[in-house]
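Biologist: Got a minute to go through this one with me? I'd like to begin with the pocket lining.

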Amino acid sequence: MVNRARHRQLTAFLPQPLRDVVDSVRRRWDPEMSDKIDGHFTICHDLSDDQLSKLESLQNAQPLRVRIGRARCWGEPSLGIYLDLEDSHGTVRALREALSIHSPPDMLFHPHVTLTHPRTTPLDRAEAAWSTLETWQLDTEVEVNSLDVIELDGLAWRTVRRVILAEDK
């Protein structure tokens, strides 16, 4: 029996109706990635067993409160287009600290909502997307009340565990 290493991520899916708005843009410009996963932002790209074991302690954690801002690209459109995410309440930072999630020194963590991914968006489509999206700005604060542990099954990302956060009081 082959023991395949699992690639697990900790993800916060966007709440409705914002998810539908963002996913309509993602479907237009990056249908391949949109088919694999709904609109979200990633908390941790490679969730360890130790971090996974700490998830139950989050059930009383406050919801994530973030502001979704404007469209940006990673230097140039072919490298990816995303919506900026501002953690002005510090809830994402606090969550990462609680789970001992640290980025490598050469990779600064920048929370964002991916609109186009460089592996799944051809150059001409990325450039066309950027010419349409470069002025798009949502400027909306959202509250996320659950976190999903997701794994790639080869075709799509699947939720293998969900943690419901405490309701904001």
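Modeller: Sure, classes up front: Ala, Val, Leu, Ile, Met, Phe, Trp, Tyr, Cys and Pro count as nonpolar, Asp, Glu, Lys and Arg as charged, and the others, Gly among them, as polar. This is a predicted model, where local features need pLDDT of at least 70, side-chain atom pairs need 80 or more, and totals for linings use all residues. Numbering runs from 1 along each chain, and side-chain values use heavy atoms, without hydrogens or water.

Biologist: How do the residues lining the largest pocket divide by class?

Modeller: Into 16 nonpolar, 15 polar and six charged.

Biologist: And which element gives the most to that lining?

Modeller: Strand β2, with four residues. β2 covers 40-44, and α2 (31-36) and β5 (112-116) also supply at least two residues each.

Biologist: New topic: where does Asp23 sit?

Modeller: In helix α1, residues 18-29.

Biologist: Buried or exposed?

Modeller: Asp23 counts as buried because its relative accessibility is 5%; buried means under 20%, exposed over 50%, partly exposed in between, with a 1.4 Å probe and protein chains only.

Biologist: What does its side chain reach?

Modeller: The backbone nitrogen of Gly39, at 2.8 Å. Beyond neighbours within four places in sequence, Asp23 is in contact (heavy atoms within 4.5 Å) with Ser34, Asp38 and Gly39.

Biologist: Last bit: in what sense do β7 and β8 pair?

Modeller: Antiparallel, over seven bridges, between residues 146-152 and 157-164. Pairing takes at least two DSSP bridges. Val149 has Arg161 in β8 as its bridge partner, and in the turn of the hairpin Gly154 has a positive phi of about 105°.

Terms used
A polar contact is a pair of N or O atoms within 3.5 Å; within protein, one must be able to donate a hydrogen and the other to accept it, and residues adjacent in sequence count only if both atoms are side-chain atoms.
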